[in-house]
Amino acid sequence: MILRRAEVGPGPQLLLISLGVLVCFPAAVDCFVGLPLSTKPARLWPQLLLLADNATVPPIVRRVVPGDQCDRHCVPGDRPLTCHFRWKLENYATMGSACWNCRLGNRAHCFHPQCITANGLERGVFAINRRVPGPPIHVCKHDSIVVDVENQLEGLGSTIHWHGFHQKATPWMDGVPMVTQCPIPQDTTFRYQFTAVESGTQFYHSHAGFQKANGHYGMVVVRDPSDLNQAHYDYDLSEHRIIIADWTLDMVEKWVPGIQTDSMRVDSILINGRGRYFNETTGTRTDAPLTVYQVEYGKRYRFRLISSGSQYCPFQMQIQNHSMLIISTDGGTVQPQHTVDTLVSISGERYDFVLTANQPPGNYWVRVRGIGFCDQMRVEDFAILSYRTPETAIPAAGLTVEQTLAYPAEPMPTYDEPYPDGIVFNHQTAPCYTPNDTYICAADLEAYEVFRDTGLIDAVPDRTFFLGFHVIEANNSLLFSDRGTSHYATVREGFNTIGATNMISFVPPSFPLLIQPELIVDENAQFCNVSHRPAYCTDDHLCFCTHRMKVKRNDVIEIVLYDTAEVRQKFYHPFHLHGHRFIVTDSGSFPSDILTDQIAYLRNLRTVRRPNAHCPPYKDTQSIPNRGYVRIRFRADNPGFWLVHCHFEWHLADGMGLVLQIGEPDEMLKPPANFPRCGSFEPPVDTGGDAQGTNGTVARNAL
């Protein structure tokens with residue numbers, strides 16, 4: 001049985017259609033005229049109430065309610081709602097004035113509604129409605145999600161990407177600047193509206209600059225009333241969300257392009273926006289509140305985890321004395337076959353698990369640490385799993401019970417106190433396709449038979465692409481020559497890096513490809529790929545251009561992602577595919593003697609699927625082993641322009657990504673006629689006033 005905190009019944013907040021007349025009750029949410037970009041919203045937008053899933057089906061009449069009222073028990077056959085949210089993006093501060101005297105030790109002040117404590121230190125932040133993470137969205141499958149995003153970030157454009165939503169009916173809502181939309185300018189409001197077709201635990205975050213790393217991220221839960229795993233848990237509570245993010249002491253723009261005297265690092269880990277900074281030099285921690293999860297003995301709870309990392313750390317999580325039954329990955333339901341003690345995730349991944357509260361009542365540590373490349377940083381943070389008992393119901397002076405629990409009296413485990421032995425899921429060093437190995441990887445999960453796509457699994461791919469990605473060390477004499485380059489990051493001293501796939505460092509186009517395809521006037525000049533490079537780019541030179549792969553609609557596509565790094569290290573790249581989900585058909589590491597001929601090795605490698613992988617799970621984000629490879633497969637059934645990229649903020653900014661074009665522009669859905677448009681403003685000098693500009697030219701720099 002799925003339970004929630006409160007029922008939402010009909011009330012004065014509803015918008016109704018009666019005899020063809022739209023009636024807005026006095027207490028209703030504001031209605032908006034149907035402009036996707038509106039700085040002065042009007043009082044009426046009938047389109048909020050109607051959604052036609054296709055041209056042959058009559059429009060569905062929906063009730064419009066404030067978004068938080070959509071967090072409800074989902075019942076088969078219930079009419080879907082339109083869930084209307086209002087967000088404001090703004091520059092803000094952690095442990096700032098909204099926290100009153102929290103930083104001075106007044107714990108009650110740390111819980112003021114607009115106080116963001118983060119790791120207990122002051123820091124600039126980008127907030128959504130003065131929250132980090134941003135406001136959660138909980139809806140039922142087939143609800144319509146409407147989010148009015150008001151951008152009040154000083155001097156910055158922004159977008160929101162809906163990670164996990166394929167946007168088949170609304171590809172212009174994917175939220176990628178200069179691919180599917182224009183950035184939202186300061187002091188304007190943009191309306192995102194799409195149907196929650198993809199059930200499960202999804203994710204939203206800014207796709208502009210480094211705003212995600214500074215706080216612009218959050219959770220979207222789409223509950224499915226027909227969830228095949230609902231018999232395995234008693235409660236699906238909205239507060240049982242685990243959003244893990246890395247955190248720095250400074251705004252992350254300090255590190256891009258960066259400084260030579262200090263290197264980027266993870267200073268803290270936040271769990272639902274809370275943590276405590278540990279100063280190794282002094283051996284002290286800040287006194288900030290921690291996240292608390294409350295349970296009752298004997299009950300089974302569904303927890304939803306999002307890995308919102310921006311830097312290089314996979315996250316290792318363990319809940320003291322408790323195990324986790326994995327039931328979903330990246331929003332896709334899987335059979336409950338694997339109970340694990342430790343769960344490892346990397347940026348962009350989501351996992352749902354069932355926790356059975358079967359331990360003696362008390363408080364238990366939720367431990368999360370950065371591993372892999374971040375082992376040397378020794379960073380770990382905590383939350384609390386607390387059993388509701390009469391003893392825990394005694395609040396401290398001036399605090400509620402939950403607020404008291406957020407300041408545990410028990411000493412925290414030290415970093416050197418090892419995680420107890422047990423079953424580890426999805427460890428980044430696991431040889432996931434070695435016969436008879438004992439590791440459990442994401443590819444070992446099994447979807448239900450009803451989700452099996454036999455045609456995809458058994459097909460001979462129509463197209464196969466090999467994408468070798470690399471972080472390239474840039475030569476200073478070229479990087480800072482008169483020719484210049486497009487982008488780079490200073491890691492330390494004179495070590496500067498650029499991200500690339502197939503020796504192409506991605507340069508975004510100067511106009512949104514999806515909504516202004518008429519500006520694609522010369523594909524050969526405006527795009528590049530491994531077989532078509534600008535004349536100045538030879539095989540051994542790095543290109544800066546708009547990397548595009550083009551495929552036919554409905555083709556079965558196989559992509560082999562492989563790491564061309566020259567040295568072995570604890571570094572793993574997570575790649576995310578927009579607009580689709582995929583299955584993993586192979587994964588492994590290169591033999592030590594394979595240094596240059598990776599493609600030849602991969603072409604001759606026999607693809608191996610797990611013998612028990614009759615129904616492979618679907619994912620949209622996958623980690624690639626260091627000096628290894630992953631083979632993914634999907635059906636290109638969503639025409640449009642879709643980003644494929646490393647999910648580390650710095651690597652995407654430095655060019656480790658590309659655009660996948662599916663179909664021709666005339667096969668793609670057209671955005672609303674009044675959808676915002678943009679582009680470069682660079683008239684030819686000799687005309688003195690040509691307003692058409694020079695959109696879409698390929699960057700002409702190379703190393």
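**View 1. His 166 in the loop between β10 and β11.** In this predicted model, His 166 has its place in the loop that lies between β10 and β11. With a relative accessibility of 15%, His 166 counts as buried, because the limit for that class is under 20%. When neighbours within four places in sequence are left aside, the residues in contact with His 166 are Glu 198, Gly 579, His 580, Arg 581, Asn 638 and Trp 642.

**View 2. Arg 223 in strand β13 and the residues around it.** Arg 223 is found in strand β13 and, at 5% relative accessibility, counts as buried. Its side chain makes a polar contact of 3.1 Å with the side chain of Asp 236. Asp 236 is also among the residues that Arg 223 touches once those up to four places away in sequence are not counted, a list that further includes Asp 71, Arg 72, Cys 74, His 138, Val 139, Cys 140, Lys 141, Leu 237, Ser 238 and Arg 304.

**View 3. The largest nonpolar core, with Trp 87.** This core holds 43 residues, of which Trp 87, Ile 137, Ile 145 and Trp 162 touch the most other members. Two or more residues each are given to this core by β6 (81-94), β7 (123-128), β8 (137-140), β9 (144-152), β10 (160-163), β11 (188-195), β13 (217-223) and β40 (640-646), and the largest share, five residues, comes from β6. Leaving aside neighbours within four places in sequence, Trp 87 is in contact with Ile 128, Asn 129, Pro 135, Ile 137, Val 147, Asp 148, Val 149, Glu 150, Ile 160, Trp 162 and Tyr 204. Apart from this core lies another, of 38 residues, among them Ile 271, Phe 315, Val 334 and Val 379. In soluble globular proteins, nonpolar side chains tend to be buried together.

**View 4. An open sheet of six strands with mixed pairing.** The six strands follow one another in the order β18-β27-β26-β20-β24-β28, and their pairing is mixed. Because β18 (292-295) and β28 (424-425) stand at the edges, each with a single partner strand, one side of each is left without a neighbour in the sheet.

**View 5. The pairing of β20 with β24.** Strand β20, residues 315-319, and strand β24, residues 342-345, pair in the antiparallel sense over four bridges. Met 317 has Leu 343, in β24, as its bridge partner.

Terms used. Residues are numbered from 1 along each chain as its sequence is written. This is a predicted model: local features need pLDDT of at least 70, side-chain atom pairs count only at pLDDT 80 or more; totals for chains, interfaces and linings use all residues. Side-chain values use heavy atoms; hydrogens and water are left out. A nonpolar core is a set of buried Ala, Val, Leu, Ile, Met, Phe, Trp, Tyr and Cys residues joined through side-chain atoms within 4.5 Å. Buried means under 20% relative accessible area, exposed over 50%, partly exposed in between (1.4 Å probe, protein chains only). Contact means heavy atoms within 4.5 Å. Two strands pair if DSSP finds at least two bridges between them. A polar contact is a pair of N or O atoms within 3.5 Å; within protein, one must be able to donate a hydrogen and the other to accept it, and residues adjacent in sequence count only if both atoms are side-chain atoms.
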